[in-house]
Amino acid sequence: MSAYAEITYEVADRIATVTLNRPEARNGYTIRMADELGDAMDRADRDEDVRVVILTGNGKDFSVGADLSQGGFDFDPESGPDAAWQEPAGRCSKRIFTMNKPVIAALRGAAVGGGVTITLSCDYRLASTDSRFGFVFVRRGIYPEGASAWFLPRLVGMGTALDWMISGRVFGAEEAKTAGLVHSVHEPGEVLGKARELALEIASTTSPVSVAVTRQLLYRMASAASPFPVHELDSRLIGGLGTSPDAVEGVMSFLQKRPPEFSMRVDTDQPAYLPWRNA
């Protein structure tokens, strides 16, 4: 896409900031927004100058969820979608799931329905004291989307996921933090700044290839039936460190008490044998 209508995209200090930009509609989620978010994540993932992505919203709310006034579908509801159709919140959450770069969600105000499910695959969720969350689908006679039935129990446990999804109730930032949905809570005017601080720390102190591999190791291997296949892959990764420039630089920068200067590239230097590389 050459231009975005419902999001903005900017890069500074190796951080790509993707902002939902429909404040007049409280950042209601649309098909176009889903497509633009997917394109922006592709763009950030391909850019070797981008180390971290921040996902946030313009205005007092992150997103109130699907904007049903826009129709909500990109097919004829009478005839239904074709077999390849995928609902729009999941298009975003799955693309974030496959990212090589960590994604930090900076949230304030409402993050409800699709406005929260698209963030569940982010690596961090920072909330504000005025944040309100809700998996309100059953109160609208609809169903959970965004692959949230997979992501949410892994973040907060099955008991809490059942409570939030079966009741459909709206809850605040402190409950979200206690349950593990969000990592920290800040004043509304401070959330984006705190997200930037975290992003800068990651960008300046970590190896991009190590982050990319570690992120996918956690997502792809944490549900393995036993530790044995995970350790098999660990062993192959550790066994290759003797020829890794980043491993040498990581050790030397630590011993010399200086900031690291990692040279390996995410697009070319990840091990080809990783099982998800061609998934």
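**Notes on the predicted chain**

1. Lys 257 is exposed, its relative accessible area being 77%. A caution before going on: this is a predicted model. Lys 257 sits in the loop that runs between α10 (245-255) and α11 (266-269). The backbone deserves a look here too, as Lys 257 has a positive phi of about 55° although it is not a glycine. Most residues other than glycine have a negative phi.

2. Asp 13 can be read alongside that one. Asp 13 is not a glycine either, yet its phi is positive, at about 55°. You will find Asp 13 in the loop between β1 (7-12) and β2 (15-20). Is Asp 13 buried or exposed? With a relative accessibility of 58%, Asp 13 counts as exposed, because the cut-off for that word is over 50%.

3. Now for the chain as a whole. It holds 11 helices and nine strands. Its radius of gyration is 19 Å, close to the 19 Å that the globule rule gives for 279 residues, so the chain is as compact as a globular protein of that length. Along the principal axes, the C-alpha trace spans about 60 × 40 × 40 Å.

4. How are the contacts spread along the sequence? If you take the contacts between residues at least 6 apart in sequence, 71% of them join residues at least 24 apart. Buried residues account for 46% of the 279 residues.

5. A word on the surface and the charges. About 13,900 Å² of the chain is exposed, and carbon and sulfur atoms supply 55% of that area. The chain carries 29 positive and 36 negative charges, and the mean positions of the two sets are 3 Å apart.

6. Ser 63 is worth opening in your viewer. Ser 63 lies in the loop between β3 (52-57) and α2 (88-97). With a relative accessible area of 0%, Ser 63 is buried, since that word applies under 20%. Which backbone oxygen does the side chain of Ser 63 reach? The partner is the backbone oxygen of Asn 27, at 2.8 Å. Leaving aside neighbours within four places in sequence, the residues in contact with Ser 63 include Arg 26, Asn 27, Gly 28 and Tyr 29. Ala 110, Ala 111 and Val 112 are also among them, as are Leu 20 and Gly 115.

7. Ser 121 is another loop serine to check. Its loop runs between α3 (114-117) and β6 (124-128). Ser 121 counts as buried, at 0% relative accessibility. Setting aside residues within four places in sequence, Ser 121 is in contact with Ser 93, Ile 96 and Phe 97, along with Phe 151, Arg 215 and Tyr 219.

8. Last, Val 170, which belongs to strand β8 (residues 170-172). Val 170 is partly exposed, with a relative accessible area of 48%; it falls between the two cut-offs, under 20% for buried and over 50% for exposed. Not counting residues up to four places away in sequence, Val 170 touches Arg 132, Phe 133, Gly 134 and Val 136. For a sense of scale, try the distance from Val 170 to Met 252: the two are 82 residues apart in sequence, and their C-alpha atoms are 50 Å apart in space.

Note on methods. Residues numbered from 1 in each chain as written. Predicted model: local features only at pLDDT ≥ 70, side-chain atom pairs only at ≥ 80, totals over all residues. Heavy atoms only, no water. Helix = DSSP H or I, 4+ residues; strand = E, 2+ residues; numbered from the N terminus. Rg over C-alpha atoms; globule rule 2.2 N^0.38 Å. Buried < 20%, exposed > 50% of the residue type's maximum accessible area, 1.4 Å probe, protein only. Contact = heavy atoms within 4.5 Å. Areas by Shrake-Rupley, 256 points an atom, 1.4 Å probe, with all protein chains shown as cover. Lys, Arg positive; Asp, Glu negative; His and termini not counted. Charge placed at Lys NZ, Arg CZ, Asp CG, Glu CD. Polar contact = N/O pair within 3.5 Å; in protein donor to acceptor, adjacent residues only side chain to side chain.
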